Amino acid sequence: MIVYAGIDVHKDTNTICLYCRENNAKFELGKIPAGTEYVLKALKKAKKDFFAKNEVEWKAGYEAGPTGYGLCKGLIKRGVNCQVMAPTTIIRASGKKTKTDRRDAADLAMALANDTYKAVHLLDDEDMATREITRLRGAVVKKIKKEKQNLLSFLLRLGKTYPETGNYWTLKHWAWLDTLVLDDEFLQYSLKTYIAELKNSLDVLERINAKIEGIAQTDHYRDNVQKLVCFAGIQTHTAVSILCEIGDFARFTSAEQFSSYIGIVPGQESSGLTQRYTGITKTGNSRIRLLLIEAAQGIKNSSPYGKSKRLQLRQAHASPDVVSYADRGSRRIRLKMDRLIRNGKKVNVAVTAGARELSCFIWGMMTGNIA
């Protein structure tokens, strides 16, 4: 007898509802403390109370959320078939106005029984740990961007603007910042604090980048990182981030499926003879989508006449077939973005189209389809 266990998971409590197809019955187990052991105890008690005369095969599931995959992995280790369910793929009955933990657990149990959901791919422990490092880097980069904005806004309010022509945050710009002296004691204190905080964050970012470089040289990532960095626009941290976010590329049967998974394909609203395409769907993993758009921007800014020294260095130890495939992809992506811009498309639209093309080339690289 297969019994489906929908678990509404929260930080402190879990709510469980069981559904048995054989007798079309639901059994609400109510709230229990959060944790794998408490779930196992609840299932054991339910087996004794409701299914004592039957051999029971459990199939449990809960929505992906901030609580992560710990409960799922814990249940699997203890012999319980458990899956993490993608929230946007769960088909729910329309018209319900009341939302409670009990109803959510019942909906999850029915989705498990009717197979009206898609399961989230579980990363291994090494990928999960690496993913947290790469996401930490993303948080620090976002913090640095905000700190730069705060510093420039502070100086603008005081009428202190960079007198030279050129970009900010160059060596000359930093030298100018270090020479600034403000008359007021409080203003000078604020300036030095802004600069100190920014430099500290930049130091943290440098240490994280060094850690990611070390991770890229481990046996788990080395070969695939070496392939991905052959693309113009993909640095080591981008390659490691993509690999640890996806895990197994072989689970995607085609490049189109991979692009659809990360939400970088156009949506469609067609009816009858009318065909209408919308913007990209933005479903799936938003972090990979952002990384690919940044990489496509890097390809757009790369020289069409030759390779940079950094790219040549990254390609130095790769096989000729891999380098040829990456060069062909980078060239095609750059030409496509240039053509779209010449035809009047906005730059962001062109870069997004380039990112979709790049996702297809990445899938081909990671699955060996580079002919």
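Which residue in β3 does Y19 stand opposite?

**Exercise 1. Locate the partner of Y19 and describe the sheet around it.**

The model is predicted: local features need pLDDT of at least 70, side-chain atom pairs count only at pLDDT 80 or more, and totals for chains, interfaces and linings use all residues. Residues are numbered from 1 along each chain as its sequence is written, and side-chain values use heavy atoms, with hydrogens and water left out.

Step 1. Y19 stands opposite K26 in β3. Strands are DSSP runs of E with at least two residues, helices are runs of H or I with at least four, and both are numbered from the N terminus.

Step 2. Strand β2 (residues 13-20) runs antiparallel to β3, and 8 bridges join the two. Two strands pair if DSSP finds at least two bridges between them.

Step 3. The open sheet has 5 strands in the order β3-β2-β1-β4-β5, with mixed pairing. Its edge strands, β3 (25-33) and β5 (81-85), each pair on one side only. From one strand to the next the twist averages 20°.

Step 4. Helix α1 (residues 36-50) packs on the sheet and touches β1 (2-9), β2, β3 and β4 (57-63). The direction of α1 makes about 145° with that of β3. Helix α2 (residues 70-77) also packs on the sheet, touching β1, β2, β4 and β5, and its direction makes about 165° with that of β5. Axes are lines fitted to C-alpha atoms, for helices over the stretch in contact, and angles run from 0 to 180 degrees between N-to-C directions.

**Exercise 2. Classify the packing of α10 and α13.**

Step 1. Helix α10 (residues 286-301) and helix α13 (residues 347-367) pack at about 105°, their axes 8 Å apart.

Step 2. Angles of 65 to 115 degrees count as roughly perpendicular, and α10 and α13 are therefore roughly perpendicular to each other.

Step 3. Residues of α10 that meet α13 include L292, A296 and I299; on the α13 side, V351, A355 and L358 are among them.

**Exercise 3. Is E245 buried or exposed?**

Step 1. E245 is found in helix α8 (residues 236-246).

Step 2. Buried means under 20% relative accessible area and exposed over 50%, with partly exposed in between (1.4 Å probe, protein chains only). E245 has 5% relative accessibility, so E245 counts as buried.

Step 3. Leaving aside neighbours within four places in sequence, E245 is in contact (heavy atoms within 4.5 Å) with L123, R131, R135, N285, R287 and I288.

Conventions. Angles under 35 degrees count as roughly parallel, over 145 as roughly antiparallel, 65 to 115 as roughly perpendicular and the rest as oblique.
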